[in-house]
Amino acid sequence: MTSFEQTALRLSNLRFAWPGAEPLIRVGLFELRAGERVFLAGPSGSGKSTLLGLLAGTLQPQQGEVLIAGQAVSRLSSRQRDQARADHIGVIFQQFNLLPFLSVLDNVTLACRFSKRRSARAASRDGDIESSARRLLGELGLPTETWARPASSLSVGQQQRVAAARALIGAPELILADEPTSALDVDARGDFLRLLLDECVAANTALLFVSHDRSLMDRFDRAVDLRALQNEIAA
Ligand SMILES: Nc1ncnc2c1ncn2[C@@H]1O[C@H](COP(=O)(O)OP(=O)(O)O)[C@@H](O)[C@H]1O
Ligand SMILES: [Mg+2]
C-alpha cells in the first residue's frame with residue numbers, strides 16, 4: 001500500500017444508495033497515488049458520476065471514508081468539506097459549468113478565489129494568479145484573442161480547455177474529469193487529452209478520468225472498470 005503522503009485519493013468501504021433505490025456504490029478499496037493518472041470506465045448508469053460526486057464531496061456516502069490528500073473529507077463539516085474541495089480538487093464537468101458571462105481569464109482565476117492554498121501555489125509558480133491562468137491557457141492551446149471574451153462566446157472545444165485550465169490552476173492534488181471529451185470530435189479528443197495529461201504530469205496532479213471511450217485508455221497509467229471495483233466489497 002502507498003504511504004499516506006503519496007496518496008492523492010483513498011476510499012474505503014464506500015457505500016451509497018440514492019433514496020429508495022438499491023445500493024449503487026459498494027467499493028472496498030480504491031486508491032490513486034500522487035500524480036497517478038487513472039481511466040475509469042463503466043456503462044451508462046453504472047454510477048460513475050455518482051462516485052465522482054462522493055469523491056468531490058457533493059454527495060455524502062452512507063458508509064465509508066474518502067481521503068483526499070490525506071484528509072478524511074467524509075468526516076468534515078460541510079463548510080470544511082467545501083474548503084477541502086476548493087484546496088485539493090479540480091473538477092472538469094461534462095457540460096463544463098463555466099460562468100457564461102465571465103471572461104475566459106476570470107473563469108480560470110475564480111478557482112483560486114475560494115482557496116488561499118491554490119492562490120499561493122499559483123503565485124509561487126508564476127508570480128501571480130493571472131499569470132498562472134495565462135500560462136495554462138497558452139499551454140492548452142487557447143488563442144490569446146479569446147482570453148478577454150465571455151466564456152459563452154467560445155466553441156465547445158475551447159470551453160473544454162478553459163474548464164481544464166480552471167481545474168489545473170494552483171496545482172490541486174487531484175483532478176476529477178467526468179466524460180470531458182464526450183462533446184468533442186475524435187481528433188479533438190486526442191489533442192485535448194494529450195494537453196491535459198501533460199499538464200497533470202508537470203504539476204504532479206493525479207487524474208481520475210471518467211469516460212466510456214475506451215480508445216483513450218492506453219494513455220493512462222491504469223484503467224479500472226467501476227463494475228470490477230464493486231466486486232471488492234462483501235454484499
Ligand atoms: N440525483 C439523482 N437522484 C436519484 N437517482 C440518481 C440521481 N443521479 C443519478 N441517479 C441514478 O443513479 C444511477 C447511476 O447514475 P450515474 O451515476 O449518473 O451513472 P453514470 O455516470 O455511470 O452514467 C442511475 O440509475 C441514475 O438514475
Ligand atoms: Mg455520468
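Leu40 stands opposite Val210 in strand 8, and this pair is a useful place to enter the structure, which is a predicted model. Leu40 belongs to strand 3, where Val38 and Leu40 point one way while Arg37, Phe39 and Ala41 point the other way, and all of them are buried. Strand 3, which covers residues 37–41, is accordingly described as mostly covered, with five of its five residues buried.

**The parallel sheet**

Strand 3 pairs with strand 8 in the parallel sense over four bridges, and it also pairs with strand 9, residues 222–225, in the parallel sense over four bridges. In the pairing with strand 9, Ala41 has Asp225 as its bridge partner. Val210, already met as the residue opposite Leu40, also has Asp178 standing opposite it, and strand 7 and strand 8 run parallel and are joined by five bridges. These strands belong to an open sheet of five strands, whose order is 6-7-8-3-9 and whose pairing is parallel. At the edges of this sheet stand strand 6 (89–92) and strand 9, each of which pairs on one side only. On average, and with direction ignored, neighbouring strands of this sheet are turned by 20° against each other.

**The antiparallel sheet**

A further open sheet has four strands in the order 2-1-4-5, and here the pairing is antiparallel. Strand 2 (25–33) and strand 5 (71–72) each have a single partner strand, so one side of each is left without a neighbour in the sheet. Strand 1, residues 7–16, pairs with strand 2 in the antiparallel sense over eight bridges, and within this pairing Arg10 of strand 1 has Glu31 of strand 2 as its bridge partner. Helix 1, residues 48–56, lies across strand 1, strand 2 and strand 4 (63–68), and it runs at about 120° to strand 1.

The strand pairings described above can be set side by side.

| Strands | Sense | Bridges |
|---|---|---|
| Strand 3 and strand 8 | parallel | four bridges |
| Strand 3 and strand 9 | parallel | four bridges |
| Strand 7 and strand 8 | parallel | five bridges |
| Strand 1 and strand 2 | antiparallel | eight bridges |

**The surroundings of ligand 1**

The residues around ligand 1 are Trp18, Leu24, Gly42, Ser44, Gly45, Ser46, Gly47, Lys48, Ser49 and Thr50. By character, this shell divides into seven polar residues, two nonpolar residues and one charged residue.

**Two loop residues with positive phi**

Most residues other than glycine have a negative phi. Against that background, two residues deserve a careful look. Ala171 is not a glycine, yet it has a positive phi of about 45°, and its place is in the loop between helix 6 (156–168) and strand 7 (174–178). Asn204, which is likewise not a glycine, has a positive phi of about 55°, and it is found in the loop between helix 7 (186–203) and strand 8 (206–210).

The surroundings of these two residues can also be described. Ala171 counts as buried because it has 20 C-beta neighbours inside 10 Å, and 20 or more is what a buried residue requires. Asn204, with 12 other C-beta atoms within 10 Å, is exposed, since a residue with 12 or fewer is classed in that way.

Note on methods. Residues numbered from 1 in each chain as written. Chains lettered and ligands numbered in written order. Predicted model: local features only at pLDDT ≥ 70, side-chain atom pairs only at ≥ 80, totals over all residues. Near = placed C-beta within 6 Å. Nonpolar A, V, L, I, M, F, W, Y, C, P; charged D, E, K, R; others polar. Pairing = 2+ DSSP bridges. Contact = placed C-beta atoms within 7 Å. Axes fitted to C-alpha atoms, helices over the stretch in contact; angles between N-to-C directions.
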